[in-house]
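Trainee: Could you take one stretch of this chain and walk me through it slowly? I'd like to see how its pieces fit together.

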Amino acid sequence: MADRPSTDGIERFPLQYIAPILLLLLWSVWPLVSGARTLYQRDVLNTHLGMKWAETEALWQGYVPLIDPHRAGGQPLLGNPNALALYPDTLLYLAAPLFWALNAHFWIHFLLAPFAFSWLARELGLGRAGSWAAGVFYALSGYYLSLFVFYNLIVSATLAPAFAAACLRLAAGRRPGLLAIAVAILWAMLLLSGDPLGSLIALGLALAAMTLREGPKIRVFGAVVAAVACGTLLAAPQIVEFLRVLGTSYRGTYGYSGSALTAESWDPRQAIDWLLPFAFGRPDLLGSGGFWGHRFYTDLPPYLLSLYPGLLALALLSASLFARGRVTRWAQTVLLLGLFLALGRFNPLATWIFERTGGLLRFPVRLWILVAIGGSVLTGIGFEKVVAGKETKATRAFWLALAGMALLFASGWLVLSSPAGPAEAFLRRMTPRVFGAADIAGVRERWAGLCAGSLGTLAVLSTGALLARRRPAEGGSCLLVAHAAAQIVFLSPLLASDAVGAYSAPSPALDMVPSSSLVVHGASEGLFAKPGRADQGLPDRRGFWFERRAFHELYPFAGALWGRSYELNVSSEGMDSFLSTAARDAARLATDGERVRLLASWGVDRLLLDRPIDPEAADRVRLLGRLPGFGGSLYVYEIPGATPQVYLAKRVLRAPDPLGALRLLKDPSFDPITSAVVPGSGPPAEGSGGEVHLLERGPENLSAEVTAGSAGLLVVQRAFQPIYRATVDGVPATLRIANLHRFGVDVPAGRHRVDLWVDRRPLRVSLLVSFLGLCGLAVLARRPGPVVEPVRAG
């Protein structure tokens, strides 16, 4: 890397470089900042909204929630990293409307991202302009903007560069006390971000970057290790609760197959997205114009919706090829390592690595963060060379790259503009077989439009680069503004939003679903799914109609906002109970008649369907109403034979395994009101039953008075979780698995009080550990740091 160019001496740098970019970034997310609109794609509303609402409810009531009572009979909340229950901006939910706080999490990190990455680039030795350019390229890359659907990943992508930068600064011995605190807090926030892999990547990047420092390595690493240790102690509550539920979660019990681990690998054919954003269809549209390239994404929807880096970034990467120095080699190594791992199943060695990580590495394309970080540093280096005002090999490579892309786009536009020609035949081979002539023509016209737009962008970028030859400061600023504007326009589908009001109106189904009910929505999780419907009957092709329909029809993540509790709606990240996931899968594979029998045995008394129930189950349910929906109807059924939320089983059957338990529960002779199934072998245990009076019921506790004529099993219709404890008349009692995924407590004959609650003792201990972390920070803040030479260019 060359010495820092004269652009470092730019006067009024914040006004020329930073202010225009910040205004563009703020403009792009202003609908979210104002509170008028909300993000809606993928996990934003379907997963994270419900979790944040459960946390908010608990915080309003004065406690930190360990259980989400609205999801799948009560699933881990604090122990689920995806919930980010202890992340600092959770406090926003106590002071602001729900949807505003949800979206603020995204746009706050988005506005911080260029500063965080610029700090890293600066610590690596880039100049002020080059560092800021690197931050802009990173924050506006397709990779980063694709994270606007992942509540947890956007945190690690924002904080990882800042953490690495803080470690570098601490290693340099500058203000060691303050920097030790910064490293510890950033590391704790990474651990609280719900992305363990992202945290490890951040740590690896920091350690790798520190090898560029000159000086006493042992003292350098020692200071960072001490700060990281303190940060780990600060995050102890999250770590402890995670470990408490991991063993009985789907991920901890079953894990993932080799094919599941390498799903969402980066297929080299996706490289067309580097030049034509959303070449395989837009993620914010349905039907024609929507995403159609599943076969290029391991037969799945894309995990990262676009990896489009921008035309200026590609040209500057070409210029960086002529840079020299350790920082350049470091960035190139990071980029190539990320690409190597992201290939996943398309790289035999990467496949071998993924299969031997015990599930820690999953979805190879997630490792694209390394490509984004290494590439952004290289673009910053290239930017410095291009705006230095000197004719070099790097600048010639930059201009050759612009000219080459211009020629490519011009040729593409000419070929794609012709209705009949090679483009039509090429697209017919690429697009799905079900595509008709009109669909193929739509793809061709869209690609032609992208080529034309790219040509216009290249013209503007060329003008800025020419200006940079004579006036580096003004030209460099114009280049970044042009790049930012182009990225915001080309990648606007990644920031797709909808009016908040569409999700605030109550569903008409609420009148038929009491708050005391336990609900299953058959269209959620594919529980009662049948082919058909999909996007039929929606007003237009905009993707938010799926979400609007879900809120209108009281899907689980919508009903939770109105105090309704659901069953079998486990989340997809694998941290919910393995038994609850098995129960969901059993419902998916069953017939309607078997499904209703299962739901009755699990205490579900309301069933919502987007179709009429099959005749075989019609005599077991009662239709409460048929409501008009989007392209169909919503059927609200009552299940009269559902068991109470707490009952004493007269007859206890035993099954040697979960499949055996399912066979008993689905058997027409099984009476869910008086019977239960527990693990084991032997004949059924018969009893005389008794009465149960509910004394107290909370989200994480339950108390009941049981009067039993003989010994029996008290069944509680909550998901079995290892963090619960029980007593009978104050004496500790063993919790048993009942009816596949429920709680069971053995109760002797007579009158007894049974208490069930979540054990919070480990949480209290972990809070003391966090206090020790604070004490450790106080000690570190007073220790002198090592004096180390800064990273030197070349």
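Mentor: Sure, vocabulary before anything else: two strands count as paired if DSSP finds at least two bridges between them. Strands (E, at least two residues) and helices (H or I, at least four) are DSSP runs, numbered from the N terminus. What you're looking at is a predicted model, where local features need pLDDT of at least 70 and side-chain atom pairs count only at pLDDT 80 or more, while totals for chains, interfaces and linings use all residues. Residues are numbered from 1 along each chain as its sequence is written, and side-chain values use heavy atoms, leaving out hydrogens and water.

Let's settle on the stretch around β19 and β20. Find the open sheet whose 4 strands come in the order β10-β16-β20-β19, with antiparallel pairing. At its edges stand β10 (646–649) and β19 (735–738); each has a single partner strand, so one side of each has no neighbour in the sheet. On average, neighbouring strands here are turned by 35 degrees against each other, direction ignored (axes are lines fitted to C-alpha atoms, for helices over the stretch in contact, and angles between N-to-C directions run from 0 to 180 degrees).

Now zoom in on one edge. β19 runs antiparallel to β20 (residues 742–747), and 4 bridges join them. Look for R736, which has G744 of β20 standing opposite.

Between β19 and β20 there's a loop, and L740 sits in that loop. Is L740 buried or exposed? L740 is buried, because its relative accessible area is 6%, and buried means under 20%, exposed over 50%, partly exposed in between (1.4 Å probe, protein chains only). Who touches L740? Setting aside neighbours within four places in sequence, L740 is in contact with L579, A583, W602, P658, L662 and L665, where contact means heavy atoms within 4.5 Å. For a sense of scale, L740 and S118 lie 622 residues apart in sequence and 52 Å apart in space, C-alpha to C-alpha.

Back up a little to β17 (residues 724–728), where 4 of the 5 residues are buried. β17 pairs with β18 (residues 731–733) in the antiparallel sense over 3 bridges, and V728 has V731 as its bridge partner. These two strands make a hairpin with 2 residues between them, and D729 takes a positive phi near 55 degrees there. β17 is also joined to β21 (residues 750–758) by 5 bridges, again antiparallel; Y724 is matched with V758 in that pairing.

Further along comes helix α27 (residues 761–781). Its 21 residues reach 31 Å from first C-alpha to last, close to the 30 Å expected at 1.5 Å a residue (the expected span is 1.5 Å times one less than the number of residues). Buried in α27 are L763, S766, S770, G773, G776, L777 and L780. Why are these on the same side of α27? Because they cover an arc of only 110 degrees around the axis, taken from the directions from the helix axis to the C-beta atoms. An α-helix has 3.6 residues a turn, so residues three or four places apart point the same way. Flip to the other side of α27 and you'll find R761, R764, L768, F771, L772 and V779 exposed.
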